[in-house]
Amino acid sequence: MENSVQQQIIDFLQVGGPVVWILMGFSVVALTIVLMKLWQFASMRAESRKTVDKALEAWRQHNPNQALELLDETRPVDSLVGFSIRSLQSGNMEVDRIREEVERLAMNKLNQLRSYFRPLEIIASLSPLLGLLGTVLGMITAFQQMEGAGSQVDPSVLSGGIWQALLTTAVGLSVAIPVVTMHSWLERKVERISHMVNDAVTQVFTCKEAERLVAKAAKEVLHAA
């Protein structure tokens, strides 16, 4: 049974030609990237708001140290909230500079989450085109065989060539459709994380505790002057 399946796969690849081999390589690369990104998102638990919400509640209750203890800074949202709270506590930077630095760190983290999205886009775009190319090449081969046969055309020659041609289109679409789906899903996850970052960090800066710390830092600067 196993030998029969293996032989069918080998025949399938031989009939499809180099286009199918390339598409199979694309599918392996795409699967590797998707599994890697799933592991990255799962290990970070980037979309979890449990610790962030608790920390923000402690921050609103004027307990910055407790807020920092509640954060899990291995997560991107938590780490940015923690950086914002510590920066406001220290009073070493102006609020505008803190916001700029948080924005820079947020962009870096989002770029890390978007890593390897570009290869998925390329695979999703090229796979149908390669399938179409294989179809065109297969049709050219079929009609060349018809021309060589002259008036004694065997319908099986034409049908075999058309089958080979359509096979590459089917493989190209079979690779492209799941890759497009996974790419869109991963992009949506990054968009949600971006919204969470913006929402959580904004809550840090708009809280009365932030205003109190900023005012305190301003008084210390005036006193030192």
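What follows is a walk through this predicted model, from its overall fold to a few places worth a visit on screen.

Let's start with the whole chain. Its secondary structure consists of nine helices and zero strands, so if you read along the sequence, the pattern is α-α-α-α-α-α-α-α-α, with helices defined as DSSP runs. Of the 225 residues, 34% count as buried. The accessible surface comes to about 13,500 Å², and carbon and sulfur atoms hold 61% of that area. Contacts tell us something about how the chain folds back on itself: among those with a separation of 6 or more, 78% are between residues 24 or more positions apart.

Now to the charged pairs. The count of salt bridges in this model comes to eleven, and three of them are worth a look here.

Begin with Arg45 and Asp72, whose side chains meet in a salt bridge with an N to O distance of 3.7 Å. This pair links distant parts of the chain, 27 residues apart: Arg45 sits in the loop between helix H2 (18–44) and helix H3 (50–60), while Asp72 sits in the loop between helix H4 (64–70) and helix H5 (76–90). Both partners fall in the middle class of accessibility. Arg45 counts as partly exposed because its relative accessibility is 48%, and Asp72 counts as partly exposed at 22%. The pair also has company, since Arg45, Asp72 and Arg75 are linked in a network of salt bridges.

While you have Arg45 in view, have a look at its backbone. Phi of Arg45 is near 50°, a positive value in a residue other than glycine. His62 offers another case: it is not a glycine, yet it has a positive phi of about 65°. You will find His62 in the loop between H3 and H4, where it is partly exposed, with a relative accessible area of 43%.

The loop between H2 and H3 takes part in another salt bridge. Here the side chain of Arg49 meets that of Asp199, at 3.3 Å from N to O. The two are 150 residues apart and link distant parts of the chain, with Arg49 in the loop between H2 and H3 and Asp199 in helix H8 (residues 155–206). Asp199 is partly exposed, with a relative accessible area of 29%, and Arg49 is also partly exposed, at 24% relative accessibility.

For a pair within one helix, turn to Glu121 and Arg118. They form a salt bridge whose closest N and O atoms are 2.7 Å apart. How are these two placed relative to each other in helix H7? They are three residues apart in that helix, which means that about one helical turn separates them. Their accessibility classes can be read off the values: Glu121 counts as partly exposed at 27%, whereas Arg118 is exposed, with a relative accessible area of 55%.

Helix H7 spans residues 117–149, and it has more to show. Leu132, Leu133, Val136, Leu137 and Ile140 make a nonpolar surface patch of about 430 Å². Leu133, one of the residues in this patch, is partly exposed, with a relative accessible area of 42%. Is Thr135, another residue of helix H7, buried or exposed? At 12% relative accessibility, Thr135 counts as buried, because that value lies under the 20% cut-off. Apart from neighbours within four places in sequence, Thr135 is in contact with Ala165, Leu166, Thr168 and Thr169.

Our last stop is another surface patch, this time a charged one. Glu94, Asp96, Glu100 and Glu103 gather in a patch of negative charge on the surface. Glu103 is located in helix H6, which covers residues 95–113. With a relative accessible area of 55%, Glu103 is exposed, because the class begins over 50%.

To retrace the route: the chain has nine helices and zero strands, salt bridges such as Arg45 with Asp72 and Asp199 with Arg49 link distant parts of it, and the surface carries both a nonpolar patch that includes Leu133 and a negative patch that includes Glu103.

Key: Residues are numbered from 1 along each chain as its sequence is written. This is a predicted model: local features need pLDDT of at least 70, side-chain atom pairs count only at pLDDT 80 or more; totals for chains, interfaces and linings use all residues. Side-chain values use heavy atoms; hydrogens and water are left out. Patches are made of residues with over 30% relative accessible area and no salt bridge: like charges are joined within 9 Å, nonpolar side chains (Val, Leu, Ile, Met, Phe, Trp, Tyr) within 5 Å. Accessible areas come from the Shrake-Rupley method with a 1.4 Å probe; for residues, only the protein chains shown count as cover. A salt bridge is a side-chain nitrogen of Lys or Arg within 4 Å of a carboxyl oxygen of Asp or Glu. Lys and Arg count as positive and Asp and Glu as negative; His and the chain ends are not counted. The place of a charge is taken as NZ of Lys, CZ of Arg, CG of Asp or CD of Glu. Helices (H or I, at least four residues) and strands (E, at least two) are DSSP runs, numbered from the N terminus. Buried means under 20% relative accessible area, exposed over 50%, partly exposed in between (1.4 Å probe, protein chains only). Contact means heavy atoms within 4.5 Å.
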